[in-house]
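Hello,

Here is the structure I promised to pass on. Have a look at it first, then read my notes below.

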Amino acid sequence: MKRTRNLYKPGNNSGLYPLSRSKIDDFIKCKRCFYLDRRLGISKPKSIPFNLNNAVDKLMKKEFDIFRKKRLPHPLMTEFGFEGKPMEHPSLEIWRQNFKGVRAPVFGTDLEVTGAIDDLWVKKNNEVYVVDYKATSKSKDGKLSEVNIGNMWPGYKTQAEIYQWILRKNEINISNIAYFVYCNALQDEEK
């Protein structure tokens with residue numbers, strides 16, 4: 001079905017037109033598909049919802065929020081040598097919400113880049129790190145710690161870089177390094 005709402009009309013939008021991180025990813029993957037969606041209202045077919053991934057994402061946020069409130073590092077942070085803690089920020093809850101998220105205008109255009117971040121961690125020197133939670137189910141042979149994320153999953157790298165750009169535009173002291181908390185439901189365990 002052809003959509004009539006939320007179409008980009010160059011020079012004819014009321015205010016800034018929001019362009020989400022996922023739509024930028026769509027543009028990178030297929031410029032034609034992006035044009036059909038944003039300009040003509042012809043969306044790609046809906047994907048199957050990732051209920052398990054969404055549940056893990058929500059649980060990870062809740063768990064890290066417990067340590068955020070205590071102003072302590074999460075045990076995973078300590079285990080892997082991150083010398084900081086989950087960041088407290090008055091806008092964090094808004095920045096985490098889909099369709100709200102953190103936003104930054106693109107200078108010289110009528111576009112605004114948006115994204116819903118999972119988390120921010122901060123070190124004692126006030127350097128802030130974008131953190132994204134990922135969930136999967138793979139055999140225990142695949143160790144993510146031995147993989148360069150940018151080479152294996154370029155979309156993850158792009159996602160982190162877009163969030164870093166938006167947050168810098170919001171005057172957050174963002175590191176060039178991002179972290180992924182990768183949860184793997186192992187299939188080959190006895191229990």
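G84 of β2 stands opposite K123 in β5. Those two strands, β2 and β5 (residues 119–123), pair in the antiparallel sense over three bridges. Strands count as paired if DSSP finds at least two bridges between them. Strands themselves are DSSP runs (E, at least two residues), and helices are runs of H or I, at least four residues, all numbered from the N terminus.

A word on the source. This is a predicted model, in which local features need pLDDT of at least 70 and side-chain atom pairs count only at pLDDT 80 or more, while totals for chains, interfaces and linings use all residues. Residues are numbered from 1 along each chain as its sequence is written, and side-chain values use heavy atoms, with hydrogens and water left out.

**The open sheet**

β2 and β5 belong to an open sheet of four strands, ordered β2-β5-β6-β7, with mixed pairing. β2 (84–86) and β7 (174–184) stand at the edges with a single partner strand each, so one side of each has no neighbour in the sheet. The twist averages 30° from one strand to the next. Angles run from 0 to 180 degrees between N-to-C directions, with axes as lines fitted to C-alpha atoms, for helices over the stretch in contact.

Helix α3 (residues 51–70) packs on this sheet. It touches β2, β5, β6 (128–136) and β7, and its direction makes about 140° with that of β6. Contact means heavy atoms within 4.5 Å. Helix α7 (residues 154–169) lies across β5, β6 and β7, at about 135° to β7.

**Strand β4 and its partners**

β4 covers residues 111–115. Five of its five residues are buried, so the strand is largely enclosed by the rest of the structure. Buried means under 20% relative accessible area, exposed over 50%, and partly exposed in between (1.4 Å probe, protein chains only). In a regular strand, side chains alternate between the two faces of the sheet. Here L111, V113 and G115 point one way, and E112 and T114 the other.

Which strands pair with β4? β1 (residues 17–20) does so in the parallel sense, over four bridges. β3 (residues 102–105) does so in the antiparallel sense, also over four bridges. V113 is opposite L19 and is the bridge partner of A104. β3 and β4 form a hairpin with five residues between them. In that turn, G108 has a positive phi of about 80°.

**Helix α1**

In α1 (residues 21–29), R21, K23, D25 and D26 are buried. The buried residues of α1 pack against β1, α2 (31–38), β4 and α7.

Best wishes
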